[in-house]
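User: Hi! Could you walk me through the aromatic contacts in this model?

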Amino acid sequence: KPCPQPWDSLQSLCRAAPGQRRGLSAQPGPVHTLNLRGIFPPLTTPFSATQEVDYAQLEGNLCRYASIPFRGLVVLGSNGEYPYLALRERLELVSCVRRALPRDRLLLAGSGCESTQATIKLTVSMAEAGADVALVVTPCYYRGAMTSAALVQHYTEVADASPIPVVLYSVPANTGLDLPLEAVLTLAQHPNILGIKDSGGDITRMGLMVHKTRQEDFQVLAGSAGFLLASYALGAGSVKHVALSHGSRQAPAPSLPQVTRRFGIPGLKKAMEWFGYYGGPCRAPLAPLSSPQVEELKGIFSANGWL
């Protein structure tokens, strides 16, 4: 089923050359700062029963998102099973979302790789595919060598070469590495680094980042619904510095943030199906929920009046 207007009307625009969209420069280097204040829900990657990317189901989910006034979408984040996708799939997913996304909504796309060279190449490719912002996760395989100096050098080279703005991405639950505060404060001064998506959940640390970057054009994004409201409070005196990366249109019930923390992406995809979205399977080795886990998850939603 085709997506409703105004999505279809943007097909020709989205097929244009990347440099013709939103005034993006065709040459690497700093670009105009974007305001990231708002809600950016992270997209899951829909897979078929054979674990191939299901683009028809992706378009169906995007049609449902169209009626909700989100600021934009996050593609290829942790919830998108980014590490399990081939390079071709990553680029095709971004292109597909860009074709469907209304012009006034931003597309943040994951482009972080383990090496600086690979990250630069993928970031440039994401810009060509239509991403507005590159979300760059910390390299972590050799985490013992990832000192503040090494990470500052990595992100500086990526931001220097990127034709689109860069957002730092710290998700220690997955990487085992928290981007050091001193590195964040140094990188906040780079003209092509917009901010940081911090999924660590340390509100004191986030408050320090907000406070210490008041003189910079730097935005702090809350990376989980679990500390969404606390992030709002941090921005009470300086709203432009606090953005929200994902969540719902209303405040989450206290136990709902446990869903992805406790049940992971399989739990998220199962919950999507109860609300009319396509969830589907995860890509192996992520396993589906057991029957008892499904019942436990359903009980959480029911107890909070969502089902």
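User: Before that, is Tyr 65 buried or exposed?
Analyst: Happy to help! This is a predicted model in which local features need pLDDT of at least 70 and side-chain atom pairs count only at pLDDT 80 or more, while totals for chains, interfaces and linings use all residues. Residues are numbered from 1 along each chain as its sequence is written, and side-chain values use heavy atoms, leaving out hydrogens and water. Buried means under 20% relative accessible area, exposed over 50%, and partly exposed in between (1.4 Å probe, protein chains only). Tyr 65 has 12% relative accessibility, so Tyr 65 counts as buried.

User: How many aromatic pairs are there?
Analyst: Rings of Phe, Tyr and Trp (its six-membered ring) pair if their centres lie within 6.5 Å; planes under 30 degrees apart count as stacked, over 60 as edge-to-face and the rest as tilted. By this rule, the count of aromatic pairs is six.

User: What kind of pair do Tyr 65 and Tyr 277 form?
Analyst: Their ring centres are 5.2 Å apart. The planes meet at 40°, so the pair is tilted.

User: Which residue lies over the face of Tyr 277?
Analyst: A charge sits over a ring if NZ of Lys or CZ of Arg is within 6 Å of the ring centre and within 35 degrees of the ring normal. At 4.9 Å from the ring centre of Tyr 277 lies Arg 64.

User: And what kind of pair do Phe 275 and Phe 301 form?
Analyst: The centres of these two rings are 5.7 Å apart. Their planes are at 55°, so this pair is tilted.
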